[in-house]
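Please find below a colleague's note, set out as numbered points to be read alongside the coordinates.

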Number of protein chains: 6
Amino acid sequence: MFFHQQKLQYNATPEAPDAVYARKLQEVIGGQYGEITVAMQYSFQAWNAHIPGKYRDLLFGTAAEEFGHIEMLATMVAQLLEKAPLGITEEAVQGDPAVAAVIGGTDLQHAIVAGAGARPVDSMGNPWSGSYVTASGNLLADMSSNVNAEMQGRLQVARLYHMTDDKGIRDMLSFLLARDTMHQNQWMAAVKELQADGLEQMPVPSNFPQAKEATEFSYDYYNFSDGATAAQGSWASGPTPDGNGEFGYKDQPMAGVPMPPPTHPDARFYGTTEVPNRVEKAAGALQDKLNRE
Amino acid sequence: MFFHQQKLQYNATPEAPDAVYARKLQEVIGGQYGEITVAMQYSFQAWNAHIPGKYRDLLFGTAAEEFGHIEMLATMVAQLLEKAPLGITEEAVQGDPAVAAVIGGTDLQHAIVAGAGARPVDSMGNPWSGSYVTASGNLLADMSSNVNAEMQGRLQVARLYHMTDDKGIRDMLSFLLARDTMHQNQWMAAVKELQADGLEQMPVPSNFPQAKEATEFSYDYYNFSDGATAAQGSWASGPTPDGNGEFGYKDQPMAGVPMPPPTHPDARFYGTTEVPNRVEKAAGALQDKLNRE
Amino acid sequence: MFFHQQKLQYNATPEAPDAVYARKLQEVIGGQYGEITVAMQYSFQAWNAHIPGKYRDLLFGTAAEEFGHIEMLATMVAQLLEKAPLGITEEAVQGDPAVAAVIGGTDLQHAIVAGAGARPVDSMGNPWSGSYVTASGNLLADMSSNVNAEMQGRLQVARLYHMTDDKGIRDMLSFLLARDTMHQNQWMAAVKELQADGLEQMPVPSNFPQAKEATEFSYDYYNFSDGATAAQGSWASGPTPDGNGEFGYKDQPMAGVPMPPPTHPDARFYGTTEVPNRVEKAAGALQDKLNRE
Amino acid sequence: MFFHQQKLQYNATPEAPDAVYARKLQEVIGGQYGEITVAMQYSFQAWNAHIPGKYRDLLFGTAAEEFGHIEMLATMVAQLLEKAPLGITEEAVQGDPAVAAVIGGTDLQHAIVAGAGARPVDSMGNPWSGSYVTASGNLLADMSSNVNAEMQGRLQVARLYHMTDDKGIRDMLSFLLARDTMHQNQWMAAVKELQADGLEQMPVPSNFPQAKEATEFSYDYYNFSDGATAAQGSWASGPTPDGNGEFGYKDQPMAGVPMPPPTHPDARFYGTTEVPNRVEKAAGALQDKLNRE
Amino acid sequence: MFFHQQKLQYNATPEAPDAVYARKLQEVIGGQYGEITVAMQYSFQAWNAHIPGKYRDLLFGTAAEEFGHIEMLATMVAQLLEKAPLGITEEAVQGDPAVAAVIGGTDLQHAIVAGAGARPVDSMGNPWSGSYVTASGNLLADMSSNVNAEMQGRLQVARLYHMTDDKGIRDMLSFLLARDTMHQNQWMAAVKELQADGLEQMPVPSNFPQAKEATEFSYDYYNFSDGATAAQGSWASGPTPDGNGEFGYKDQPMAGVPMPPPTHPDARFYGTTEVPNRVEKAAGALQDKLNRE
Amino acid sequence: MFFHQQKLQYNATPEAPDAVYARKLQEVIGGQYGEITVAMQYSFQAWNAHIPGKYRDLLFGTAAEEFGHIEMLATMVAQLLEKAPLGITEEAVQGDPAVAAVIGGTDLQHAIVAGAGARPVDSMGNPWSGSYVTASGNLLADMSSNVNAEMQGRLQVARLYHMTDDKGIRDMLSFLLARDTMHQNQWMAAVKELQADGLEQMPVPSNFPQAKEATEFSYDYYNFSDGATAAQGSWASGPTPDGNGEFGYKDQPMAGVPMPPPTHPDARFYGTTEVPNRVEKAAGALQDKLNRE
């Protein structure tokens, strides 16, 4: 169950309206790595978790916080739009290219659809999609995904920070940056602890039977591009991070195997095959068959 | 530039047709973590890279390999569909519930749209989407994303392995599992090397000025759920993985701040406000304004 | 802020596994009118609300309940999948058409992607989309949308009720049906109260200046199909629900006006116009212009 | 069958080109509540209708009119784009910030893809989606959805009205506003008539057996947020709109029930469970099983 | 304007219910090349046309016919679903694997969402998308697109024909096949006539100034794969179909040019560059700048 | 297998940064007819091909070239963004409407998400979709689709050419235009050769049995709009392009057939039927049945 409290975690009030910036903030509301994504991702990971205890509590506890971040951002967006010219015709708008410029960069649906409110979309207007969510039931894989999400998220907030001078916006972003710092660290700690607890190892999934893997290909880099410097990396020699092998480097791909011959599916799919398809020839066995079916 | 060679990296021929399994393989062709995703993701990361050398070579070299994996899988799918009943009406199909069952589980577009061929979609028929790709220009963030992608990908292939007895399919999957093992290790090694080279650190982005972050919130876990065991994890005390702080644990969220008052945007958005909207009252100043605009 | 409690509102445990039914339940998790939609819709309506007080409290209070409904359904789905054959190869699966049939009807991503867990998608596997949300800032419009959502939602749950005999599932659905009954009633009551409070009237938006509307077309039905019985309805005569007019019925559409002539945009768009485009004729003024640009 | 007449229902010619406004109009062509949505929605409702007569005639008759509205808007968009600078390079464009501003706000695909023509997309460029359509076969639910669609649609047109001074555009919008007035009224009248005819009642679906609903939860508001004023509404006490109960108000949610224990699906999904996954431990029964499969 | 007549163009009544086939028919209703696509595509091409007369009349006249085809198919789908078991629990369904098999293959939203009616989706449940439409304003390009659409469409209908024995369905399909025959021929004739009328030529757009094209690359095939037989085709030598050149064949790609050096965008994007990012080094000029911004 | 070479086919370096133009170029990277589409389309056509030899070699050889075009464009986009103001706050940006105007027209995700790099999206930010790909197994249909794709693609590049004065961009576009010229010609030649080789004819599919088609409708134009000039085209009389018939022209549609009666599906779908649904009446047989199920 979720309960709501009519408070925000932290300040979310701008100094001044800025409709273009409101659009930019949509990226961290409804984008691939926005707050809706992490709130939903941590929730589904918790609901799909197979063990009770610290990992699931961590997922539930962080998920609920992230729903509150959506709220902070949506509240901020509404205020940024409150007094901003949103394409409403006025002398000032019509005659002033600077104002017109602003309008050119706004999310038009902020005005036409939401009446100066936030929306579950990204900065280019793409609606948030359930396909952004990762929740596989394997906690090492999923918490690695969470590390990734928090990295991308903090990166985007840092970029957004430099796109405004508004002290109120920057104050809110300074809080979100801090929480992203915590969450990057937290998921990284959990990734380590999962391995220390012996619950999962690299490579994920770690207890897939080794005998079923073509292990002769498991630790060699095959170079499919003509740059030579990939041979200089730690992925080209030395022990592998999973502790199970030694990296090798091949400057050429494997020789490969012949492609299997092209398929010839049922004639009733009408694909193009070697059999001539001329009307005058079609009175043969194939055409007889098609006529019957 | 890309060049194509009419060979496959490894065997991709099934023992027998299996249209339902063909549909399942679509997940690792066109799903969120399928081969199209990694091929495109590593390509865009390379094109957006800001430094030449080993990291970019690694991206280019692996991207090209992944395009070849799409090819292996598409070739396999076509063969699995070649002799399979794909809903084409025949006595056998009509009368045999087992055959009917098989048909119930196929990708109908394999038959109707592709004529017994592969498609750029996932196992539920959703078309592959460019929104699956992550390429931010920050290599630590992006290569962490690659670790995640290879973990999810190998997990899916491992599950698929157990869903068939076909020796040909399993042979191909044993190869893909091995390459996913390599790629998990490779990106993890690169993640470490980026930090060892001093190019980037945690938290990403690491040179965002600390003075601009609300650091009092950077290392504490605030518990937004009522489970108590999250306090037992390494994310609740001790040094943080980024080396910059000490984890703390708060069993209650922050007190929060009052929500800012609701916004009152321009009346021409016709949102609902405290101003009564009755026709008889609307003859006042607001209505005058609306009448004029 | 949102807080999470590790309890469910109501029982959500099935008697037996049923992977096909798990897929069906996805419709009311991640479908157009599933619980994610109403949870997000009521949240965005609250965040975009322009007046404090009873309407906004109602939105916040109901939104949080709906997040809990997602949780109940996700928990149910995971249990339905727990012991179900999900395409994992076993003798029983291979040889038994009934089991094969079941597998044909499952959500393949439940197995391959989520490892027997719920996903933010509908029953056909389409990911939930932010485009399902309605939040315009006009409460009469939005709460009418909520009435609609709860009607469609309860209808879907009622259909799902008849698709299983499982007492555990039916118990949970009986609860969701009851809450949908409440929410239909609640939003309908709010729709009436908004009008009684004079905050908004029909037609929405009600204080758009009448002088700007072509009122001669505001209350007549024009019949664009050849059925004659639409003339028998209450929409063909008598007072209109908005209280502002009298319905009329026209058995023919308006005469219409001539279409404006086709447009002739800039030649550099290379659209097809009356100007012949032959290479030998292109040496004229148009081609000169194109050559210059 | 549908027939086309080369006339428009009403004037649709602007005074002057305006490429930014053309983009805004796309919202009511191809947006969630645009004319494509209502044309398709009423059509599918008619095709899925289970009774002949006045309701189905009403659906058919209105659907055909809405297809004509798409046409009016598309015609208007083409004219707005006809003489507008659409990013084509010219001295005027390069040097004049006002012209540049205009270009910043245009739909780039109007120029690059459509060559100065309309497209089946919304104002942010999202393509129209079949997922916007509601057609359930239950006419009370569906016509309530139609009321909602016409409310949102008229609201958007009213906002668009204030975003231009162009007399030609405003003339066309004054017609669309009038038709939306009619359609809001018409569907509301139909909603009442369906109930008066005894064909359906609230709550939808009304003849779902009451004994199968957990009626103790059917008429009480449970407050999941900490605002107290929802208790003041007509949804907190008094008779319910469906005529079947009395509203109640609970300032606390239900106590809830314990969450069922986490699931433990088949080991071949490689989810994370309490069983340690260390390589050295995996030589036990679980690993034996995995090796065999 | 569009008018509707309550007749179908042709018979659309099945002999017997078949819910799996109903799902298959969705492909030609709401798929990439279904009837919604062609109806909308021809409409938008007509609305975006720049010349009155025979071509535009042809577009309008065919578009309206295609709307009627959607109607025929939707009517057929509803009848196929009318008496079919749609997952409703009954003894017969539970105990009979054949019935279960059928249910496994149905569109679950046909039952849960539409209540046994058609939907604007394809056979895998993907909603129809406005991105399927092609309407560029260049009639030679667009009518070539129409040829393509009718080819793919007829191919799909032919495949569907072989997937049923139902005489009623086959009767309807025989009509749709005939109309696709006509429309393939009609658009092909129009493609020729456009060129004969001198309105447009190959390559589209034909009056793009030749001096602006790198004509040394305009007529040579560069072989980027290692198969040698492409040299045998008519595209490897002889006159080109546009009449402007001679085909050439190069068995190797062009030598290519060096890639430009990687970009170094503004430091505030926090991309990874050669500049070490270590905390201890960040006290330099870059960090000073970031601190200031 | 694919191999990558760190060269570009042709120059791809702009004279100057231009973030708005970078966004425009996204159309031909990730749009419906962008380079990702043709690269993937030709690849899937090759993988789904049923005959070895010249046609498949042509597909493979061209597909690989198109992957290189994505690379050229992505490289260009990164350079156009390198020095451009991307919404980063600076005095110049804040105070200068021309700069602000530029920012209004940029792809905001270029800055926030990609850190000044290219993305797999179109010019309006829609992610590339697998639904753009056409690969049916019928080569005449598919290569006609390729003709269409190259026509639309060259048209878009020609329009883009006129939207910039930058000599570097124009140089690259002159190359892409030339390759599109080649590819239009090449696919058109292949379309002819397929017919000359007798592998397929019009109408596609050509060996579908004529006896199964309602041939009385195969060659007549039925006019569903009221324009009369479609009678003047070559599609209204004379021999048909498939060589099998004579065009006819009917200025009226077919008389049509009565619509089948509305369906009455199972009562448990709760659709609206003639049976009154009043609670007081529901105590009859229907309600008894619902109560039992």
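The points below take up a chain interface, a strand pairing, the nonpolar core and one helix.

1. The model is predicted, and the remarks that follow should be read with that in mind.

2. Between chain C and chain D, 101 residues of chain C are in contact with 101 residues of chain D. On the side of chain C that touches chain D, the elements giving two or more residues are strands S2 (7-8), S3 (220-222) and S5 (257-258), together with helices H3 (54-82), H7 (139-161), H8 (167-196) of chain C. H8(C) gives the most to this side, with 16 residues, and the residues of the side as a whole divide into 46 nonpolar, 39 polar and 16 charged.

3. A strand pairing joins these two chains, since S2(C) and strand S5 (residues 257-258) of chain D pair in the antiparallel sense over two bridges. Within S5(D), Pro258(D) is the residue that stands opposite Lys7(C).

4. The largest nonpolar core holds 579 residues, of which Val77(A), Val77(B), Val77(C), Val77(D), Val77(E) and Val77(F) touch the most other members. For Val77(E), leaving aside residues up to four places away in sequence, the residues touched are Ala22(E), Leu25(E) and Ala118(E).

5. Helix H3 of chain B, residues 54-82, has 29 residues and reaches 43 Å from its first C-alpha to its last, which is close to the 42 Å expected at 1.5 Å a residue. H3(B) is also mostly covered, with 29 of its 29 residues buried.

Conventions: Residues numbered from 1 in each chain as written. Chains lettered and ligands numbered in written order. Predicted model: local features only at pLDDT ≥ 70, side-chain atom pairs only at ≥ 80, totals over all residues. Contact = placed C-beta atoms within 7 Å. Helix = DSSP H or I, 4+ residues; strand = E, 2+ residues; numbered from the N terminus. Nonpolar A, V, L, I, M, F, W, Y, C, P; charged D, E, K, R; others polar. Pairing = 2+ DSSP bridges. Core = buried A, V, L, I, M, F, W, Y, C linked by C-beta atoms within 7 Å. Buried ≥ 20, exposed ≤ 12 C-beta atoms within 10 Å, placed from the backbone. Expected span 1.5 Å × (residues − 1).
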